[in-house]
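Trainee: Could we go through this structure together, one question at a time?
Mentor: Gladly; have a look at it, and then ask away.

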Amino acid sequence: MTHRSDGGELLAIEGLRTHFFTQDGVVKAVDGVSFAIRHGGTMGVVGESGCGKSITALSVMRLIERPGRIVEGSIRLANRDLLSLSDEEMRDVRGNSISMIFQEPMTSLNPVYMCGDQISEAISLHEGISKREANDRAVEMLGQVGIPDAKRRAREYPHQLSGGMRQRVMIAMALSTNPELLIADEPTTALDVTIQAQILELMKALRERNRMAIMLITHDLGVIAEMADDVVVMYAGKVVEAADVTTVFERPHHPYSKGLLASIPRMGEKRHRLEVIQGVVPNPLNLPLGCLFKRRCPHAMPVCDTPPPLQEIEPGHLSRCWLTPAGEPPAIGPEPTREVAEEAAAALDVAR
Amino acid sequence: MESTQTTPLPGTAAGAVDEVDLTPVRTYWQLVRQRFVRHRLAVIAFFLMAILIAMALFIPLLSGDAWKETSLERINQPPSLTAPLGYDNLGINTFARLMKGLQTSLFIGFSAVVVIVMIGVTVGAMAGYFGGWADNALMRFVDIVLSIPTFFLILMLVAFWGTGNAWVIIIAIGLTGWTTAARLVRAEFLSLREADFVQAAKALGAGDRRIVVRHMIPSAMAPVVVAATLGIADSVVIEAALSFLGFGITPPEASLGNMLTKAQDYFYRDPLLAWYPGITLILVVLAASFLGDGLRDALDPRQRVEAN
């Protein structure tokens, strides 16, 4: 077992670009995403459907399929460059160092095998132990994720279990090899709220016990508040805001993050209508020039025709917006840095 | 590993214990059987097929060479205890010959289906799993095979490789009949490839081979089983047709087809000689079809058993 210390970076994503080369053009599903997850930390990745959060996760697992391709960037897990590993080495990383649980517990288990067998398969894939031992471990894992009467449940088929039970089986499967990083892609979206709370509690407890890091993908800010240490807000394939969870909830800077926060109903607050973010996510085949959010942004101003850089507005708080740290429009037009100017020129090129 | 400790975790709500129900856990095959027996026609077909197979196996074994022994004294003798269907114009025990013919036909039918399934599943799985140009190339090849009139291709192959050999017929049927199985498996694989559990298996680090063999083929088998049982019926009919035309099993070897050929010479004097192999053929085909139907319903684990 590798030694896990707090503080150090476990996963570092740097300038990741994953593009899909469709017949209608190039979809830049992930376009220059960078963030890092600390050992034992929980990173929340938030955004609307189609903002690239799942594609980021699949890129980390290197499970992007045609017509998609990781075009650029680096993904380092404990100082190992995942993008330069051979397919075989990568298979060993999957399920062993990084595990993933999916949104749909109803369909993520193979209907033709007993739950116990699916867990023991995951174990024996990575550890050369006998089938018996693997089976014992599978039952033990089911017990650990709070499935009563684990021995019997291990011999049941997925269709015989409820949704919450199945998600527990998925978690048992993902954790059976004691991974350093768990990627949870909307783990509770398909479950009802009481089960949701149970599953989140379970994930928290297992995180403490196994000292693993979690990359939590969700559009549910409640889940983020509950679980995450750090948050990355994504919009149209780019990170628009990144900070620790308290900062994002107390002092969101980017208008999109503010919009997301304003659209959650709060208890005890009288409001006739919930705030909505006007408009829709831009067509990925036809992204606007400049700031990708400008068409929906209440603060849109002329300067937004130039793509804003992701800049530090206070220590540890990044935002991709021209507004000043105080939230004011910039006094003078920004002096385009070289980087920004190049990006704008590139965007224009693509447009032509 | 600290996994040996099993202190209760938060979130494993005490209420979860209520979820323990006491219905017995059924294994996969118990479930399959339970669903299969609800399909009455399929159960009848199953027993019919079992009886046909048992008769085809044991009666020729017990009656020795009776199926080809001619005898001048017994020509056209009526039925008796040792010859329930009488004797034909050469003094051969018709029942013994019918059973030997059934044995040949069933052997060819089942073996051809094994070849069909092996080729069909391999081609279909590769096309469906890898997609892209592999899919295109393989499926266009399927189209080519389909565009050739199958029966004439089989006739040609048999004529080329030699008539009267059961293995030649099996290979010929196998090489021409796999297209349906391939298409079915490909179609299943195209949707299975996107299935969440396949993605989950990949995320656990399973390789292509394991995913195809362990996770996808079992889920794609239901339509293949149906195609295969129907394939038994088809193959038996093709064999009969070949033998009828003189390209299949030739006398003195017995098959349902060449018994029919012979019967047409005596059709007015002894029409029963045509009825026996004809009815046997129909029984085989019907049994195989209904069996296929029942198995399809039973093998699909997504169909739940209602409590009753």
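## Strands and helices in conversation

Trainee: Let's begin with a pair: which residue of β8(A) does G44(A) stand opposite?
Mentor: Keep in mind that this is a predicted model. Strand β3 covers residues 42–46 of chain A and pairs with strand β8, residues 213–218 of chain A, in the parallel sense over 5 bridges. Opposite G44(A) in β8(A) you will find L216(A).

Trainee: Which strands are at the edges of the open sheet in chain A?
Mentor: The sheet has 8 strands with mixed pairing, in the order β6-β7-β8-β3-β9-β10-β12-β11 (chain A). An edge strand pairs on one side only, and that describes β6 (98–101) and β11 (311–314) of chain A.

Trainee: And how many degrees does the twist average from one strand to the next?
Mentor: Think of walking across that order of strands, from β6 through to β11 in chain A. From one strand to the next, the twist averages 20 degrees.

Trainee: What is the bridge partner of V45(A) in β9(A)?
Mentor: β3(A) and β9(A) pair in the parallel sense, over 4 bridges. Within β9(A), the partner of V45(A) is V232(A).

Trainee: Why is strand β9 of chain A described as largely enclosed by the rest of the structure?
Mentor: Look at its two faces: one carries D230(A), V232(A) and M234(A), the other V231(A), V233(A) and Y235(A), and both are covered. Strand β9 (residues 230–235) of chain A is largely enclosed because 6 of its 6 residues are buried.

Trainee: Which residue takes a positive phi in the hairpin of β9(A) and β10(A)?
Mentor: β9(A) runs antiparallel to strand β10 (residues 238–244) of chain A, and 6 bridges join them. In that pairing, D230(A) stands opposite D244(A). The hairpin has 2 residues between the strands, and the one with a positive phi, near 50 degrees, is A236(A).

Trainee: Over in chain B, is the crossing of α5(B) and α6(B) left-handed or right-handed?
Mentor: Helix α5 (residues 150–161) and helix α6 (residues 166–177) of chain B pack at an angle of about 145 degrees, their axes 9 Å apart. As α5(B) passes α6(B), the crossing is right-handed.

Trainee: How many residues of the contact of α5(B) with α6(B) are nonpolar?
Mentor: From α5(B) come T150(B), L153(B), I154(B), L157(B), V158(B) and W161(B), while α6(B) supplies V168(B), I169(B), A172(B), I173(B) and T176(B). No residue of this contact is charged, 2 are polar, and the nonpolar ones number 9.

Conventions
Residues numbered from 1 in each chain as written. Chains lettered and ligands numbered in written order. Predicted model: local features only at pLDDT ≥ 70, side-chain atom pairs only at ≥ 80, totals over all residues. Pairing = 2+ DSSP bridges. Axes fitted to C-alpha atoms, helices over the stretch in contact; angles between N-to-C directions. Left-handed = near helix turned anticlockwise from the far one by under 90°. Contact = placed C-beta atoms within 7 Å. Nonpolar A, V, L, I, M, F, W, Y, C, P; charged D, E, K, R; others polar. Buried ≥ 20, exposed ≤ 12 C-beta atoms within 10 Å, placed from the backbone.
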